[in-house]
Structures are given as structure tokens and as C-alpha cells.
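Okay everyone, thanks for squeezing me in. Let's put the sequence and the structure up on the screen and take a walk through them together.

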Amino acid sequence: MTPIININAKNLMLDALTITRVSLHVASPGETGRDNELLSADYARQSCDISGADNGERVLVSDVNFQMKSGDAVSFVGYWSGDTFLLAQAFTSVEFSTDGLFILKAGSTRVVI
């Protein structure tokens, strides 16, 4: 059975999460967030600023930059409170053909339930 959750309840649940960091994963991060995390030499979890909940979602307030190497691939973003994994969301897989930045964009990166 699929639950029906109204916007007020979604906003309350999302606002209860203290999201402070983001991670990148090549496949599902699993229940702990430790599975399939990117292993690139230059990769590290990054701090983030995220809005309060509105209309059942939270939005990155500022861009989050990750240094990537050629051959790195990403298909999930993980959200953390310090070292505690909270949730992850899949997106269209991205593979890098050259070294450079991967940017989670403010305003368009959203946490949705």
C-alpha cells in the first residue's frame, strides 16, 4: 500500500532532518550510505547549506563542488547529518571523460519525499 502524505507532513519530516553534508555514489548507497561511495583520489564528502522545507521539498542554497577524475561515474547523491547517513536520491548517471568539477547546483538540487 502506498501512503498518502500531505504537504504539511512532508514539510515537518524534511525539516526534522539536519542535513549538513552530501556524498556521491556510483550505485545505491544502501541503508548506511557507505556502499558504492565514489573512491576517486580527489573525492571527499562536502558540506552543504539547504533550505527549510517548502511544498514537500528542500533545496540547496549554494552550489556544492566536487573534484572529479576522468572515469569517475555518479548516479546517487547521499545526504548526511555529520557522519550519520539520512537518505539518498538517484539521478541520471554522469560519467566524466576528463578531470574537472561536478557541481550540485543551488536551486535545482532538491531533497524530496
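Let's begin with strand β1, residues 21-25: 4 of those 5 residues are buried, so the strand is largely enclosed by the rest of the structure. Before I go on, keep in mind that what you're looking at is a predicted model.

So who are the neighbours of β1? One is strand β2, residues 46-47, joined to β1 by 2 bridges and running antiparallel to it. Another is strand β5, residues 73-81, and there we get 5 bridges, again antiparallel. You can see both pairings at a single residue, Arg-21: it stands opposite Ser-47 in β2, and it stands opposite Trp-80 in β5.

Now zoom out a little. In what order do the 4 strands of this open sheet come? It goes β2-β1-β5-β6, with antiparallel pairing. That puts β2 and β6 at the edges with a single partner strand each, so one side of each has no neighbour in the sheet.

While we're around here, have a look at the loop between β1 and β2, which is where Ser-40 sits. Is Ser-40 buried or exposed? Its relative accessibility is 11%, so it counts as buried. If we skip residues up to four places away in sequence, Ser-40 touches Lys-69 and Asp-72.

Next up, another pair of strands. Strand β4 is residues 64-68, and its two faces look quite unlike in the list of residues: Val-64, Phe-66 and Met-68 make the covered face, while Asn-65 and Gln-67 make the uncovered one. If the every-other-residue pattern seems odd, here's the background: in a regular strand, side chains alternate between the two faces of the sheet. And what does β4 pair with? Strand β7, residues 100-104, with 5 bridges and an antiparallel run. To pick out one spot, Val-64 has Leu-104 of β7 as its bridge partner.

Okay, helix time. Helix α1 covers residues 7-15, and in it Lys-10, Asn-11 and Leu-14 are buried. They span an arc of only 100 degrees around the axis, which puts them on the same side of α1. The general idea is that an α-helix has 3.6 residues a turn, so residues three or four places apart point the same way. Over on the other side of α1, Asn-8 and Leu-12 are exposed. As for what covers the buried residues, that includes β3 (57-59) and β8 (110-112).

Both ends of this helix have something to show. At the start of α1, a side-chain oxygen of Asn-6 comes to within 3.0 Å of the backbone nitrogen of Asn-8. Then look at Asp-15, also in helix α1. With a relative accessible area of 44%, Asp-15 is partly exposed. Its side chain reaches the backbone nitrogen of Ala-53 at 2.7 Å. Leaving out neighbours within four places in sequence, Asp-15 is in contact with Gly-52, Ala-53 and Arg-58.

Last stop, the aromatic rings. A quick reminder first: a pair of aromatic rings is described by the distance of the centres and the angle of the planes. How many aromatic pairs do we count in this model? The count is 4. Take Trp-80 and Phe-85: the ring centres are 5.2 Å apart and the planes sit at 65 degrees, so we call that pair edge-to-face. Both of those residues, Trp-80 and Phe-85, are buried.

Compare that with Phe-91 and Phe-102, which are stacked: 6.0 Å centre to centre, with 15 degrees between the planes. This pair links distant parts of the chain, with Phe-91 in strand β6 (residues 84-95) and Phe-102 in strand β7, 11 residues apart. Phe-91 has 27% relative accessibility, so it counts as partly exposed. Phe-102, at 11%, counts as buried. Phe-96 joins in as well: ring pairs link Phe-91, Phe-96 and Phe-102 into a cluster.

One more thing about Trp-80, the residue we met opposite Arg-21. Arg-45 lies over the face of the Trp-80 ring, at 3.7 Å from the ring centre. And that's my tour, so over to you for questions!

Methods
Residues numbered from 1 in each chain as written. Predicted model: local features only at pLDDT ≥ 70, side-chain atom pairs only at ≥ 80, totals over all residues. Heavy atoms only, no water. Buried < 20%, exposed > 50% of the residue type's maximum accessible area, 1.4 Å probe, protein only. Pairing = 2+ DSSP bridges. Arc of directions from axis to C-beta. Contact = heavy atoms within 4.5 Å. Polar contact = N/O pair within 3.5 Å; in protein donor to acceptor, adjacent residues only side chain to side chain. Phe/Tyr/Trp six-rings, centres within 6.5 Å; stacked < 30°, edge-to-face > 60°. Lys NZ or Arg CZ within 6 Å of the ring centre and 35° of its normal.
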